[in-house]
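Let's take a walk through this two-chain model, piece by piece. Keep the viewer open and turn the structure as you read.

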Amino acid sequence: MPKKIVMNFPPHLIEQPITYRLIKDYGLKVNILQARITPGERGRMVVELAEDGGRWQDAMDFLTEMGVGLEPLAQEILWHEERCIHCTACVGPCPSQALHVADREAMTIAYDQERCIACGMCVKVCPYRAMEILFD
Amino acid sequence: MAKTIPEINEKIKAGKAVVVTAEEILEIVREKGAKAAAAQVDVVTTGTFAPMCSSGAYFNVGHATPRIKMGGGRVTLNQVPAYAGFAAVDIFLGATALPDDDPRNKVFPGAFVYGGGHVIEDLVAGKDVRLTATAYGTDCYPRKALDTLIRLADMNEAVLFNMRNAYQNYNVAVNLSDRILYTYMGILQPRLRNANYCTAGQLSPLLNDPLYRTIGVGTRIFLGGGIGYVVSQGTQHNPGVRRTDRGLPRMGAATLAVTGDLKQMSSKWLRGASFTGYGVTLTVGLGIPIPVLDEEMLHYVSVSDHDIVGPVVDYSEAYPNGKAEILAEVTVAQLKSGEITVNGKKVTTAGLSSYAKAREIARILKDWILAGRFFLTEPLAPLPGPDSGYTFRPLTERHVPPLWNRG
């Protein structure tokens, strides 16, 4: 089961090949879902890491030691169900079907955080601000 | 056997009325047949919960000491401008109004975080709202400025007044162009990648009384979680459009102007909405009970999503330029399946009107009637019908002569 993680890079780490080391030194399978890196500023990368490959714990220790902030993606993306009116406007644009119609008779929405890739499309699409990305 | 509205109201009073939702009636007709259903069922309840831009509210905020004449001055509620061209302290706030300093679409697409619809939601939720006014000052109204917090309960009157709600059927929006479109029908991806629709389908009030036999001036309704009334046909009422064999319009047709006391409404059923790149609006909950007077009315209320067709319209070219081009006709059942076919291409669908909430409204209205808290009304006057000749015309622009209107 791959883990989706938001990695936050302090400005001084931007010019270091951290991802290279995760792959080369620790043997991790890294799938980059999203990256925003600007020299001199804080950087952010959303990655999917396969738990079966490489020295997982050593890699995490390495990142922590380097000062890379690690947050599980699921904690960073919130579906405020009380604000959701179940209009289904988010369902078409969501590329990974994380937001989907759970029941076609009642036409109700469900959010499957395992599938979310944090593209942020739903945030733009939802008129009721029911979706929130904390790291944005 | 035919029933009258007074007879149905007697049954409601006696706790003997049979009331079902526009969804439940389908099952009853399937099981018992139309004749038995018409005899058994007295009322069918409908509902819709969708963005409705021609909504707003008027307020009498009370007189300050010393007095101020807001009429002819400027008024804002949480920085959103309200219209003040009335007597001293009567104002009207529209759902799509924006603060003067909102960046709008200067950086495209704009976010439109807060506007008139949100102010109405906040007021109904009981929150404090900041009221500011500037005025020119008169002998009887000397004050020139006001800045205060106010809440709904402090106001004398607070009345929702929507000049166009509950559109009978609506376009399905797609985008044939190569660029992304930000519309009131949501975000439309280029080259026909998605289709957005906005109808409660088989639960929709005016699709359950397609020829306006029972809905008319004065009809009592569920509005924003409280009780409201139909004022008249709404703006852009257009009953003369092409119809199906069941009398259902094949495109947007009738509309309703509605009103109700905002103080008894709920922020659950009046929600501010922000459309990226387009603006703000108010999502309104509205439900209408339809009396099953006879078999003809039973036939109308047994409309299903399979019977309702809507036009697929290109919002990159046809809609902005007012062209009556239709790419396809699709049923609500197809739209709700999640996929339709347009120009031979499979297109993902998404809604803007909440079917789940429409269902809830129909159930609430049913419960009110069953509890004897809500009675049906006879229309005081009919809405203009399909053969009335009443139509919706475009604006014809005319040349303005130089020095026009300068005395």
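**Starting from one residue pair**

Val30(A) stands opposite Leu49(A), a residue of β3(A). That's a handy place to begin, in a model that is predicted. The two strands here are β2(A) and β3(A), the latter covering residues 43–50, and they pair in the antiparallel sense over seven bridges. Zoom out a little and you'll see the sheet that this pairing belongs to: four strands of chain A in the order β2-β3-β1-β4, open, with antiparallel pairing. Where does the sheet end? Its edge strands are β2 (29–36) and β4 (69–72) of chain A, each of which pairs on one side only. Neighbouring strands of this sheet are turned against each other by 25 degrees on average, ignoring direction. As a reminder, strands of a sheet pair through backbone hydrogen bonds, either parallel or antiparallel. It also helps to recall that in a regular strand the side chains alternate between the two faces of the sheet.

Now take in the whole of chain A. Its secondary structure comes to four helices and eight strands, and reading along the sequence you get the pattern β-α-β-β-α-β-α-β-β-β-α-β. The C-alpha trace of chain A spans about 50 × 35 × 20 Å along its principal axes. Of the 136 residues in chain A, 29% are buried. If you like contact maps, here's one for you: among the contacts in chain A with a separation of 6 or more, 63% come from residues 24 or more positions apart.

Chain A is divided into two domains, domain 1 (3–75) and domain 2 (80–133). Their C-alpha centres lie 27 Å apart. How many residues does each domain of chain A put into the contact? Domain 1 of chain A gives five residues and domain 2 of chain A gives four residues. On the domain 1 side, the elements giving two or more residues are β2 and α3 (73–76) of chain A, so to speak of β2(A) again is to come back to an edge strand of the sheet. By class, that side of domain 1 of chain A has four nonpolar residues, one polar and no charged ones.

**Over to chain B**Chain B has a domain assignment as well: domain 1 (5–52 + 162–382) and domain 2 (59–160). The C-alpha centres of domain 1 of chain B and domain 2 of chain B lie 31 Å apart. Their contact takes 25 residues from domain 1 of chain B and 22 residues from domain 2 of chain B. Look at the domain 1 side of that contact: β18 (256–261), β19 and β20 (279–287) of chain B are the elements that give two or more residues to it. Which of them gives the most? That is β19(B), with six residues. Sorted by class, this side of domain 1 of chain B has nine nonpolar, 13 polar and three charged residues.

Next, find strand β22 (residues 309–314) of chain B. Six of its six residues are buried, so β22(B) is largely enclosed by the rest of the structure. What does β22(B) pair with? Strand β11 (residues 172–174) of chain B is joined to β22(B) by three bridges, and the two run parallel. Within that pairing, Val174(B) has Asp314(B) as its bridge partner. Strand β23 (residues 328–331) of chain B is joined to β22(B) by four bridges, and this pair runs antiparallel. Here the bridge partner of Pro311(B) is Glu329(B).

For a helix, go to α4 (residues 116–124) of chain B. Is α4(B) mostly covered or mostly open? It is mostly covered, with eight of its nine residues buried. The buried ones are Gly116(B), Gly117(B), His118(B), Val119(B), Ile120(B), Glu121(B), Leu123(B) and Val124(B). After α4(B) comes Gly126(B), whose phi is positive, near 85 degrees.

**Where the chains meet**

Finally, bring both chains into view. How many residues of each chain are in contact with the other? There are 25 residues of chain B in contact with 17 residues of chain A. On the chain B side, β3 (48–51), β13 (186–188), β14 (194–197), β19 (270–275), β25 (345–351) and α7 (355–370) each supply at least two residues. The residues of this side of chain B divide into nine nonpolar, 12 polar and four charged. You've met β19(B) before: it also gives six residues to the side of domain 1 of chain B that touches domain 2 of chain B.

Methods: Residues are numbered from 1 along each chain as its sequence is written. Chains are lettered from A and ligands numbered from 1 in the order in which they are written. This is a predicted model: local features need pLDDT of at least 70, side-chain atom pairs count only at pLDDT 80 or more; totals for chains, interfaces and linings use all residues. Two residues are in contact if their C-beta atoms, placed from the backbone, lie within 7 Å. Ala, Val, Leu, Ile, Met, Phe, Trp, Tyr, Cys and Pro count as nonpolar, Asp, Glu, Lys and Arg as charged, and the others, Gly among them, as polar. Domain bounds come from an automatic or database domain assignment. A residue is buried if 20 or more other C-beta atoms lie within 10 Å of its own, exposed if 12 or fewer, and partly exposed in between; C-beta atoms are placed from the backbone. Two strands pair if DSSP finds at least two bridges between them. Axes are lines fitted to C-alpha atoms, for helices over the stretch in contact, and angles run from 0 to 180 degrees between N-to-C directions.
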